[in-house]
Amino acid sequence: MELNPFSYAFHDDPYPTYRWLRAHAPVYRNDAIDFWALSRFEDVLAASLDHETYSSAKGTVLELDPAFVDQVPMIIFMDPPRQTRLRRLVSKAFTPARIATLEPLIRGIAVDLLERMAPARGGDFIADFAARLPIEVISTMIGVPPADREQIRQWSDEGLSRDADDAVMPRAALEANARLNQYFYALATEKRARPQADMISLLAHAGFTDDDGTLQQLSDIELTGFCSLLAAAGSETVTKLLGNAVVLLARHPAQRQRLVDDPGAIPNAVEECLRYWPPSQYQGRTLTRDVTLHGITMPRDARVILLTGAACRDERAFADADRFDIGREVSVQLALGHGAHKCLGAALARLESRVALEELHARIPAYAIDESQCTRVHMSNVHGFASVPMTW
Ligand code: HEM
(Lines give C-alpha, C1' and ligand atoms only; values in the text may rest on other atoms or scores of the structure.)
Protein backbone atom coordinates (compact mmCIF):
# COMPACT_ATOMS: atom_id res chain seq x y z
CA MET A 1 0.00 0.00 0.00
CA GLU A 2 1.38 3.45 -0.93
CA LEU A 3 0.66 6.74 0.85
CA ASN A 4 0.82 9.59 -1.67
CA PRO A 5 -0.65 12.82 -0.23
CA PHE A 6 -0.64 14.33 -3.74
CA SER A 7 -2.86 11.66 -5.32
CA TYR A 8 -6.35 12.92 -6.18
CA ALA A 9 -7.73 9.37 -5.66
CA PHE A 10 -6.28 9.40 -2.14
CA HIS A 11 -8.09 12.69 -1.41
CA ASP A 12 -11.41 11.02 -2.30
CA ASP A 13 -11.04 8.48 0.50
CA PRO A 14 -7.81 8.36 2.51
CA TYR A 15 -9.28 6.16 5.25
CA PRO A 16 -8.49 2.65 3.91
CA THR A 17 -4.85 3.73 3.49
CA TYR A 18 -4.79 5.12 7.02
CA ARG A 19 -6.23 1.90 8.43
CA TRP A 20 -3.51 -0.13 6.70
CA LEU A 21 -0.78 2.25 7.90
CA ARG A 22 -1.89 2.08 11.56
CA ALA A 23 -2.02 -1.72 11.44
CA HIS A 24 1.03 -2.56 9.30
CA ALA A 25 3.35 0.44 9.05
CA PRO A 26 2.98 2.79 12.04
CA VAL A 27 6.36 4.22 11.02
CA TYR A 28 5.85 4.38 7.25
CA ARG A 29 8.55 5.29 4.73
CA ASN A 30 7.95 6.68 1.21
CA ASP A 31 11.27 6.62 -0.70
CA ALA A 32 9.90 8.20 -3.89
CA ILE A 33 8.67 11.41 -2.21
CA ASP A 34 11.20 11.10 0.62
CA PHE A 35 9.17 11.26 3.80
CA TRP A 36 8.11 9.24 6.84
CA ALA A 37 4.60 9.12 8.31
CA LEU A 38 3.20 8.43 11.79
CA SER A 39 -0.43 7.36 11.91
CA ARG A 40 -1.28 6.11 15.41
CA PHE A 41 -3.00 8.45 17.87
CA GLU A 42 -0.38 8.12 20.63
CA ASP A 43 2.55 8.65 18.25
CA VAL A 44 0.98 11.70 16.58
CA LEU A 45 0.10 13.25 19.94
CA ALA A 46 3.57 12.60 21.43
CA ALA A 47 5.31 14.05 18.34
CA SER A 48 3.05 17.13 18.36
CA LEU A 49 4.08 17.80 21.96
CA ASP A 50 7.83 17.37 21.24
CA HIS A 51 8.75 20.45 19.19
CA GLU A 52 12.44 20.07 20.09
CA THR A 53 12.64 16.82 18.12
CA TYR A 54 9.90 17.48 15.56
CA SER A 55 10.75 20.91 14.14
CA SER A 56 8.41 23.12 12.09
CA ALA A 57 11.16 25.46 10.90
CA LYS A 58 11.48 23.88 7.44
CA GLY A 59 7.75 23.97 6.75
CA THR A 60 4.74 21.87 7.70
CA VAL A 61 3.69 20.49 4.31
CA LEU A 62 5.85 18.26 2.14
CA GLU A 63 6.03 20.43 -0.95
CA LEU A 64 7.20 23.68 0.63
CA ASP A 65 10.61 24.75 -0.52
CA PRO A 66 12.83 26.61 1.97
CA ALA A 67 12.76 29.78 -0.15
CA PHE A 68 8.99 29.97 0.32
CA VAL A 69 9.14 29.20 4.05
CA ASP A 70 11.67 32.03 4.56
CA GLN A 71 9.83 34.58 2.37
CA VAL A 72 7.82 36.09 5.23
CA PRO A 73 8.02 34.92 8.86
CA MET A 74 5.00 32.84 9.95
CA ILE A 75 4.68 31.34 13.44
CA ILE A 76 3.49 28.04 11.97
CA PHE A 77 6.94 27.65 10.31
CA MET A 78 9.02 28.47 13.39
CA ASP A 79 10.18 26.72 16.55
CA PRO A 80 10.24 28.11 20.07
CA PRO A 81 11.67 30.44 21.36
CA ARG A 82 11.19 32.58 18.21
CA GLN A 83 7.67 31.21 17.71
CA THR A 84 6.84 31.77 21.41
CA ARG A 85 7.82 35.45 21.21
CA LEU A 86 5.68 36.14 18.15
CA ARG A 87 2.80 33.98 19.32
CA ARG A 88 2.74 35.87 22.59
CA LEU A 89 2.34 39.14 20.68
CA VAL A 90 -0.38 37.99 18.28
CA SER A 91 -2.29 36.08 20.97
CA LYS A 92 -3.51 39.45 22.24
CA ALA A 93 -6.01 39.47 19.36
CA PHE A 94 -7.25 35.92 20.12
CA THR A 95 -8.06 35.87 23.83
CA PRO A 96 -11.28 33.96 24.60
CA ALA A 97 -12.89 37.22 25.79
CA ARG A 98 -12.09 39.00 22.51
CA ILE A 99 -13.32 36.05 20.43
CA ALA A 100 -16.59 35.85 22.38
CA THR A 101 -17.38 39.48 21.45
CA LEU A 102 -17.44 38.41 17.78
CA GLU A 103 -20.58 36.28 18.12
CA PRO A 104 -23.04 39.03 16.98
CA LEU A 105 -20.82 39.84 13.97
CA ILE A 106 -20.60 36.16 12.99
CA ARG A 107 -24.33 35.62 13.46
CA GLY A 108 -25.13 38.70 11.40
CA ILE A 109 -22.97 37.51 8.48
CA ALA A 110 -24.37 33.95 8.70
CA VAL A 111 -28.00 35.13 8.77
CA ASP A 112 -27.43 37.50 5.86
CA LEU A 113 -25.88 34.75 3.69
CA LEU A 114 -28.59 32.22 4.60
CA GLU A 115 -31.42 34.65 3.93
CA ARG A 116 -30.04 35.25 0.48
CA MET A 117 -29.81 31.48 -0.09
CA ALA A 118 -33.10 30.32 1.44
CA PRO A 119 -35.69 31.37 -1.23
CA ALA A 120 -33.83 29.62 -4.07
CA ARG A 121 -34.54 26.10 -2.67
CA GLY A 122 -31.17 25.01 -4.00
CA GLY A 123 -27.58 26.12 -4.38
CA ASP A 124 -23.95 25.35 -3.68
CA PHE A 125 -23.39 25.35 0.07
CA ILE A 126 -19.66 26.07 -0.36
CA ALA A 127 -19.91 28.96 -2.83
CA ASP A 128 -23.00 30.49 -1.21
CA PHE A 129 -22.08 30.06 2.44
CA ALA A 130 -19.12 28.01 3.70
CA ALA A 131 -16.46 29.81 1.66
CA ARG A 132 -17.89 33.23 2.45
CA LEU A 133 -18.58 33.25 6.18
CA PRO A 134 -15.01 32.66 7.45
CA ILE A 135 -13.31 35.06 5.02
CA GLU A 136 -15.81 37.79 5.95
CA VAL A 137 -15.15 37.17 9.65
CA ILE A 138 -11.35 37.06 9.47
CA SER A 139 -11.19 40.00 7.04
CA THR A 140 -13.36 42.10 9.32
CA MET A 141 -11.13 41.15 12.26
CA ILE A 142 -7.91 41.93 10.38
CA GLY A 143 -9.26 45.14 8.83
CA VAL A 144 -9.37 44.15 5.13
CA PRO A 145 -11.74 46.51 3.26
CA PRO A 146 -14.89 44.70 1.99
CA ALA A 147 -14.04 45.29 -1.69
CA ASP A 148 -10.77 43.31 -1.35
CA ARG A 149 -12.11 40.25 0.49
CA GLU A 150 -13.03 38.03 -2.44
CA GLN A 151 -9.59 38.63 -3.95
CA ILE A 152 -7.94 37.63 -0.65
CA ARG A 153 -10.00 34.43 -0.59
CA GLN A 154 -9.03 33.55 -4.16
CA TRP A 155 -5.33 34.12 -3.49
CA SER A 156 -5.38 31.93 -0.38
CA ASP A 157 -7.32 29.24 -2.29
CA GLU A 158 -4.80 29.29 -5.15
CA GLY A 159 -1.90 29.40 -2.71
CA LEU A 160 -2.98 26.06 -1.25
CA SER A 161 -3.97 24.27 -4.50
CA ARG A 162 -1.78 21.44 -5.80
CA ASP A 163 -1.50 19.60 -9.13
CA ALA A 164 -2.29 15.86 -9.26
CA ASP A 165 0.58 13.57 -8.23
CA ASP A 166 3.05 16.45 -8.19
CA ALA A 167 5.07 16.93 -5.00
CA VAL A 168 6.06 20.56 -5.66
CA MET A 169 4.24 23.85 -5.24
CA PRO A 170 2.72 24.92 -8.58
CA ARG A 171 3.89 28.26 -9.97
CA ALA A 172 0.35 29.67 -9.64
CA ALA A 173 0.38 28.86 -5.91
CA LEU A 174 3.74 30.60 -5.39
CA GLU A 175 2.50 33.67 -7.28
CA ALA A 176 -0.77 33.80 -5.33
CA ASN A 177 1.15 33.67 -2.03
CA ALA A 178 3.48 36.44 -3.19
CA ARG A 179 0.47 38.62 -4.08
CA LEU A 180 -1.11 37.94 -0.69
CA ASN A 181 2.12 38.98 1.04
CA GLN A 182 2.43 42.15 -1.06
CA TYR A 183 -1.16 43.06 -0.28
CA PHE A 184 -0.75 42.65 3.48
CA TYR A 185 2.60 44.45 3.53
CA ALA A 186 0.92 47.50 1.97
CA LEU A 187 -2.02 47.22 4.40
CA ALA A 188 0.32 46.88 7.43
CA THR A 189 2.32 49.99 6.54
CA GLU A 190 -0.87 51.93 5.93
CA LYS A 191 -2.47 50.87 9.24
CA ARG A 192 0.73 51.62 11.14
CA ALA A 193 0.58 55.17 9.80
CA ARG A 194 -3.21 55.56 10.20
CA PRO A 195 -4.45 53.11 12.87
CA GLN A 196 -8.10 52.09 13.00
CA ALA A 197 -10.19 49.86 15.26
CA ASP A 198 -8.99 46.57 13.76
CA MET A 199 -6.56 43.76 14.55
CA ILE A 200 -3.81 44.82 12.19
CA SER A 201 -3.69 48.28 13.80
CA LEU A 202 -3.82 46.74 17.29
CA LEU A 203 -0.96 44.37 16.49
CA ALA A 204 1.09 47.08 14.77
CA HIS A 205 1.16 48.92 18.09
CA ALA A 206 1.11 45.95 20.51
CA GLY A 207 4.17 45.08 22.53
CA PHE A 208 5.45 43.56 25.73
CA THR A 209 8.62 43.83 27.76
CA ASP A 210 10.53 40.56 27.82
CA ASP A 211 12.56 39.08 30.70
CA ASP A 212 15.65 41.20 30.00
CA GLY A 213 13.63 44.41 29.81
CA THR A 214 13.57 44.72 25.98
CA LEU A 215 10.37 46.00 24.38
CA GLN A 216 9.17 43.40 21.85
CA GLN A 217 7.07 44.59 18.91
CA LEU A 218 6.08 43.14 15.55
CA SER A 219 7.95 44.41 12.49
CA ASP A 220 5.99 45.16 9.30
CA ILE A 221 7.23 41.95 7.71
CA GLU A 222 6.22 39.91 10.78
CA LEU A 223 2.80 41.53 10.66
CA THR A 224 2.57 40.69 6.94
CA GLY A 225 3.41 37.03 7.63
CA PHE A 226 0.81 36.82 10.36
CA CYS A 227 -1.98 38.33 8.23
CA SER A 228 -1.18 36.05 5.26
CA LEU A 229 -1.21 33.05 7.58
CA LEU A 230 -4.55 34.11 9.06
CA ALA A 231 -6.12 34.69 5.65
CA ALA A 232 -5.42 31.06 4.74
CA ALA A 233 -5.55 29.31 8.15
CA GLY A 234 -8.55 31.32 9.30
CA SER A 235 -10.73 30.70 6.27
CA GLU A 236 -9.80 27.56 4.32
CA THR A 237 -10.10 25.21 7.28
CA VAL A 238 -13.44 26.55 8.53
CA THR A 239 -14.84 26.34 4.97
CA LYS A 240 -13.82 22.67 4.87
CA LEU A 241 -15.23 21.96 8.33
CA LEU A 242 -18.63 23.45 7.41
CA GLY A 243 -18.77 21.55 4.10
CA ASN A 244 -17.77 18.32 5.84
CA ALA A 245 -20.38 18.90 8.56
CA VAL A 246 -23.34 19.31 6.19
CA VAL A 247 -22.35 16.25 4.13
CA LEU A 248 -21.93 14.12 7.26
CA LEU A 249 -25.22 15.33 8.74
CA ALA A 250 -27.07 14.72 5.47
CA ARG A 251 -25.72 11.15 5.57
CA HIS A 252 -27.07 10.81 9.11
CA PRO A 253 -30.49 12.55 9.10
CA ALA A 254 -31.54 11.20 12.51
CA GLN A 255 -28.45 12.75 14.10
CA ARG A 256 -29.11 16.00 12.23
CA GLN A 257 -32.67 16.04 13.57
CA ARG A 258 -31.26 15.73 17.11
CA LEU A 259 -29.31 18.95 16.49
CA VAL A 260 -32.33 20.72 15.00
CA ASP A 261 -34.36 19.77 18.10
CA ASP A 262 -31.54 20.54 20.53
CA PRO A 263 -29.06 23.18 19.29
CA GLY A 264 -27.21 22.76 22.60
CA ALA A 265 -25.80 19.52 21.17
CA ILE A 266 -24.10 21.35 18.25
CA PRO A 267 -20.71 22.06 19.92
CA ASN A 268 -20.17 18.33 20.57
CA ALA A 269 -21.25 17.51 17.01
CA VAL A 270 -18.65 19.98 15.72
CA GLU A 271 -15.96 18.09 17.68
CA GLU A 272 -17.08 14.82 16.08
CA CYS A 273 -17.01 16.37 12.57
CA LEU A 274 -13.46 17.57 13.27
CA ARG A 275 -12.47 14.09 14.43
CA TYR A 276 -14.24 12.19 11.66
CA TRP A 277 -12.96 14.30 8.73
CA PRO A 278 -10.21 16.63 9.97
CA PRO A 279 -9.91 19.63 7.61
CA SER A 280 -6.12 19.56 8.11
CA GLN A 281 -5.03 15.98 7.49
CA TYR A 282 -1.38 16.12 8.50
CA GLN A 283 1.22 18.35 10.14
CA GLY A 284 4.70 18.14 8.63
CA ARG A 285 7.90 18.25 10.68
CA THR A 286 11.68 17.78 10.24
CA LEU A 287 13.65 15.69 12.75
CA THR A 288 16.39 17.39 14.76
CA ARG A 289 17.80 14.00 15.90
CA ASP A 290 17.49 10.28 15.11
CA VAL A 291 14.22 8.83 16.44
CA THR A 292 13.51 5.13 16.94
CA LEU A 293 9.85 4.12 17.15
CA HIS A 294 8.29 0.65 16.83
CA GLY A 295 11.82 -0.70 16.14
CA ILE A 296 12.44 1.59 13.15
CA THR A 297 14.93 4.47 13.14
CA MET A 298 14.10 7.68 11.31
CA PRO A 299 17.29 9.69 10.80
CA ARG A 300 17.97 13.28 11.81
CA ASP A 301 16.83 15.76 9.08
CA ALA A 302 14.16 13.31 7.87
CA ARG A 303 10.79 14.78 6.93
CA VAL A 304 7.98 13.26 8.96
CA ILE A 305 4.26 13.84 8.55
CA LEU A 306 2.00 13.46 11.59
CA LEU A 307 -1.19 12.04 10.11
CA THR A 308 -3.97 13.71 12.09
CA GLY A 309 -6.53 12.19 9.72
CA ALA A 310 -5.32 8.68 10.57
CA ALA A 311 -4.80 9.29 14.28
CA CYS A 312 -8.36 10.57 14.73
CA ARG A 313 -9.66 7.18 13.50
CA ASP A 314 -7.31 5.09 15.62
CA GLU A 315 -9.32 2.27 17.20
CA ARG A 316 -6.74 2.26 20.04
CA ALA A 317 -8.01 5.73 21.08
CA PHE A 318 -11.68 5.77 19.96
CA ALA A 319 -14.20 2.97 20.36
CA ASP A 320 -15.81 2.08 17.03
CA ALA A 321 -13.67 4.83 15.48
CA ASP A 322 -15.22 4.66 11.97
CA ARG A 323 -18.72 5.33 13.29
CA PHE A 324 -19.90 8.97 13.06
CA ASP A 325 -21.54 9.75 16.40
CA ILE A 326 -22.37 13.34 17.40
CA GLY A 327 -22.80 12.20 21.02
CA ARG A 328 -19.28 10.75 21.26
CA GLU A 329 -16.91 12.33 23.77
CA VAL A 330 -13.77 13.44 21.92
CA SER A 331 -11.57 13.86 24.98
CA VAL A 332 -8.42 14.83 23.05
CA GLN A 333 -9.05 16.82 19.87
CA LEU A 334 -6.06 16.25 17.56
CA ALA A 335 -7.70 18.02 14.60
CA LEU A 336 -6.78 21.44 16.00
CA GLY A 337 -3.16 20.49 16.75
CA HIS A 338 -1.34 20.13 20.04
CA GLY A 339 1.66 21.56 21.85
CA ALA A 340 3.45 24.76 20.85
CA HIS A 341 1.50 25.15 17.59
CA LYS A 342 -1.95 24.28 18.89
CA CYS A 343 -4.44 26.16 16.70
CA LEU A 344 -4.48 29.82 17.64
CA GLY A 345 -7.93 30.22 16.10
CA ALA A 346 -9.54 27.19 17.79
CA ALA A 347 -12.06 29.25 19.78
CA LEU A 348 -12.99 31.23 16.68
CA ALA A 349 -13.33 28.09 14.54
CA ARG A 350 -15.63 26.51 17.13
CA LEU A 351 -17.70 29.70 17.49
CA GLU A 352 -18.13 30.13 13.72
CA SER A 353 -19.15 26.50 13.25
CA ARG A 354 -21.64 26.54 16.12
CA VAL A 355 -23.31 29.75 14.93
CA ALA A 356 -23.34 28.55 11.29
CA LEU A 357 -25.08 25.26 12.14
CA GLU A 358 -27.54 26.93 14.53
CA GLU A 359 -28.65 29.41 11.87
CA LEU A 360 -28.63 26.86 9.03
CA HIS A 361 -30.84 24.45 10.99
CA ALA A 362 -33.22 27.27 11.98
CA ARG A 363 -33.87 28.07 8.30
CA ILE A 364 -33.04 24.97 6.27
CA PRO A 365 -33.37 21.99 8.63
CA ALA A 366 -33.95 19.21 6.08
CA TYR A 367 -31.61 19.80 3.15
CA ALA A 368 -30.59 17.08 0.71
CA ILE A 369 -27.14 16.67 -0.81
CA ASP A 370 -26.39 14.75 -3.99
CA GLU A 371 -22.92 13.46 -3.14
CA SER A 372 -22.31 12.31 -6.71
CA GLN A 373 -22.24 16.00 -7.70
CA CYS A 374 -19.89 17.14 -4.90
CA THR A 375 -16.30 17.95 -5.85
CA ARG A 376 -13.21 18.01 -3.65
CA VAL A 377 -10.35 20.46 -3.24
CA HIS A 378 -6.86 19.19 -4.02
CA MET A 379 -4.58 20.70 -1.46
CA SER A 380 -1.76 18.75 0.08
CA ASN A 381 -2.88 18.64 3.71
CA VAL A 382 -6.30 20.32 3.53
CA HIS A 383 -9.21 17.95 3.06
CA GLY A 384 -12.77 18.82 2.09
CA PHE A 385 -15.19 19.93 -0.58
CA ALA A 386 -14.88 22.55 -3.30
CA SER A 387 -18.57 22.27 -4.13
CA VAL A 388 -21.58 20.83 -2.28
CA PRO A 389 -24.83 21.12 -4.29
CA MET A 390 -27.77 21.27 -1.88
CA THR A 391 -31.56 21.30 -2.29
CA TRP A 392 -34.31 21.87 0.28
C1 HEM B 1 -11.80 24.11 11.67
C2 HEM B 1 -10.95 25.03 11.56
C3 HEM B 1 -9.47 24.90 11.85
C4 HEM B 1 -8.69 23.79 11.87
C5 HEM B 1 -9.07 22.35 11.59
C6 HEM B 1 -7.35 24.24 12.23
C7 HEM B 1 -6.26 23.40 12.40
C8 HEM B 1 -5.02 23.81 12.85
C9 HEM B 1 -3.93 22.92 13.16
C10 HEM B 1 -3.97 21.40 13.03
C11 HEM B 1 -2.89 23.68 13.55
C12 HEM B 1 -1.51 23.17 14.01
C13 HEM B 1 -0.48 23.25 12.91
C14 HEM B 1 0.82 22.59 13.25
O15 HEM B 1 0.95 21.98 14.32
O16 HEM B 1 1.73 22.65 12.43
C17 HEM B 1 -3.30 25.06 13.48
C18 HEM B 1 -2.51 26.14 13.75
C19 HEM B 1 -2.91 27.43 13.55
N20 HEM B 1 -4.18 27.88 13.27
FE21 HEM B 1 -5.80 26.75 12.96
N22 HEM B 1 -7.37 25.60 12.38
C23 HEM B 1 -8.65 26.03 12.15
C24 HEM B 1 -9.09 27.34 12.22
C25 HEM B 1 -8.30 28.43 12.43
C26 HEM B 1 -8.76 29.80 12.49
C27 HEM B 1 -10.21 30.24 12.36
C28 HEM B 1 -7.64 30.57 12.66
C29 HEM B 1 -7.50 32.04 12.80
C30 HEM B 1 -8.36 32.91 12.78
C31 HEM B 1 -6.50 29.68 12.74
C32 HEM B 1 -5.20 30.10 12.91
C33 HEM B 1 -4.15 29.24 13.17
C34 HEM B 1 -2.79 29.72 13.38
C35 HEM B 1 -2.32 31.16 13.37
C36 HEM B 1 -2.01 28.58 13.63
C37 HEM B 1 -0.51 28.53 13.91
C38 HEM B 1 -0.24 28.54 15.37
C39 HEM B 1 1.24 28.40 15.69
O40 HEM B 1 2.02 27.94 14.85
O41 HEM B 1 1.60 28.75 16.82
N42 HEM B 1 -6.94 28.40 12.61
N43 HEM B 1 -4.64 25.11 13.08
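**Close-up 1. R328 is a buried arginine, with a relative accessibility of 9%.** The model shown here and in the other views is predicted. The side chain of R328 forms a salt bridge with E272. The closest N and O atoms of this pair are 3.2 Å apart. E272 belongs to helix α16, while R328 sits in the loop between α17 (308-311) and α18, so the contact ties together parts 56 residues apart in sequence. E272 is buried too, at a relative accessible area of 0%. Both values fall under 20%, the limit for calling a residue buried.

**Close-up 2. E271 and R350 join two helices through a salt bridge.** Their side chains meet at 2.7 Å, N to O. E271 is part of helix α16 (residues 266-276) and R350 is part of helix α18 (residues 346-363), so this pair links parts that lie 79 residues apart in sequence. The two ends differ in burial. E271 is buried, with 14% relative accessible area. R350, at 33%, is partly exposed.

**Close-up 3. D314 and R316 pair in a salt bridge.** The N to O distance between these side chains is 2.6 Å. D314 has a relative accessibility of 1% and counts as buried. R316 has a relative accessibility of 48% and counts as partly exposed. The value for R316 does not pass 50%, the mark above which a residue would be exposed.

**Close-up 4. A network of salt bridges connects E103, R107, E115, R354, E358, E359 and R363.** These residues are joined into one network by salt bridges that share partners. Across the whole structure there are 31 salt bridges. Those shown in the other views include E271 with R350, E272 with R328 and D314 with R316.

**Close-up 5. A patch of negative charge lies on the surface.** Its residues are E2, D163, D165 and D166. D166 is found in the loop between α10 (149-160) and α11 (171-193). With a relative accessible area of 30%, D166 is partly exposed. Patch residues have no salt bridge, so D166 and the others gathered here stand apart from the paired acids of the earlier views. Among those paired acids are E271, whose partner is R350, and E272, whose partner is R328.

Conventions:
Residues numbered from 1 in each chain as written. Predicted model: local features only at pLDDT ≥ 70, side-chain atom pairs only at ≥ 80, totals over all residues. Heavy atoms only, no water. Salt bridge = Lys/Arg side-chain N within 4 Å of Asp/Glu carboxyl O. Helix = DSSP H or I, 4+ residues; strand = E, 2+ residues; numbered from the N terminus. Buried < 20%, exposed > 50% of the residue type's maximum accessible area, 1.4 Å probe, protein only. Patch = residues over 30% accessible without salt bridge, like charges linked within 9 Å, V, L, I, M, F, W, Y side chains within 5 Å. Areas by Shrake-Rupley, 256 points an atom, 1.4 Å probe, with all protein chains shown as cover. Lys, Arg positive; Asp, Glu negative; His and termini not counted. Charge placed at Lys NZ, Arg CZ, Asp CG, Glu CD.
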